[in-house]
Amino acid sequence: MKKKVKKILDKLKIKNGDHLILHGNLALISQIKSSKSIDLKLKFFIDQLKKKIGKNGVVFIPAFTYSFCKKKKFNINNTKSEIGLFSELIRKFYNNRTHHPIFSFTVIGKKKGYSKVSLKSCFGKNSFFDNFKKNNGKIICLGSGFSSITFLLHLVDFCKVNYREYRLFSGNIFLTKNKKRKISTNYFVRKNKKIKNNFLRFERYLRKKIQYSNFERFNIITINSKILFKEGVKVLKKNPYYFI
């Protein structure tokens, strides 16, 4: 198993000190042949990834909870991730989560460089995504496809496309069983739910700037957030409807 994991990590071309967002598909991990259970395979993979980027690197795995918009509460330790088993298994294993009530991340490594992250916005100025870009972060899609990159909504927010609008969602963040904090956060949402994101044209546009590799039957994508931001803003300024 160690050789298979090393093979995957070598293809990512990551280095010591990197800041990473990892979007994952558990089916890719299941292809690693081992007698270990799928959850232990996943933990082994993440632990090896952390060794690769060293003590100054950090990995962020999405643990999003869209239900906050309706339920108006978010428990950092107990609210399950709503975006799949890959995300939820990692959340339970590492139990170290950022505090945003909708777009939280499981953190593996130090949070240095993110101390001033604002919870008042999902994607805007001083949000997690804004800070990730400033830290020259890289985004990896481990078998999940380009369209899974949530950072793309940071571009949409920055360019203030007219088919979206800000909506304020308020509620409580439960830090512990007896300690809670009131929070309001601005979410740049679609005005009409019939409007669908379509990022495939943008992926084709970026093809020479994206690093592609594969493991068995799944593709792996790696791209620098600053490049993604620069190119995304460029196309959205020319055509605000480029992502739909």
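Q: What makes a space in this predicted model a cavity?
A: On a 1 Å grid over the protein atoms alone, a cavity is a set of points where a 1.4 Å probe fits but cannot get out. A search of the whole structure finds one cavity of 30 Å³ or more. Its volume, the space filled by probe spheres set on the points, is about 30 Å³.

Q: What makes a residue part of the lining, and which residues line the largest cavity?
A: A lining residue has an atom within 4 Å of a point. His100, Phe103, Ser118, Ser121, Cys122, Ser127, Phe128 and Phe129 line the largest cavity. They divide into four nonpolar, four polar and no charged.

Q: Why is helix H7 called largely enclosed?
A: Buried means under 20% relative accessible area, with a 1.4 Å probe and protein chains only. Six of the eight residues of H7 (residues 152-159) are buried, so the rest of the structure largely encloses this helix. They are Leu152, Leu153, His154, Leu155, Val156 and Asp157. The cover includes helix H6 (128-134) and strand E6 (164-174).

Q: What makes E6 and E7 paired strands?
A: Two strands pair if DSSP finds at least two bridges between them. E6 and E7 have eleven, in the antiparallel sense. Therefore they count as paired. Gly171, for one, has Ile183 in E7 as its bridge partner.

Q: Which strands are the edges of the open sheet E3-E6-E7?
A: Strand E3 (73-75) and E7 are the edge strands, as each pairs on one side only.

The model is predicted: local features need pLDDT of at least 70, side-chain atom pairs count only at pLDDT 80 or more, and totals for chains, interfaces and linings use all residues. Residues are numbered from 1 along each chain as its sequence is written, and side-chain values use heavy atoms, with hydrogens and water left out.

Note on methods. Buried < 20%, exposed > 50% of the residue type's maximum accessible area, 1.4 Å probe, protein only. Helix = DSSP H or I, 4+ residues; strand = E, 2+ residues; numbered from the N terminus. Contact = heavy atoms within 4.5 Å. 1 Å grid on protein atoms, 1.4 Å probe; cavity = no way out; pocket = protein on both sides within 12 Å on 5 of 7 lines; lining within 4 Å. Nonpolar A, V, L, I, M, F, W, Y, C, P; charged D, E, K, R; others polar.
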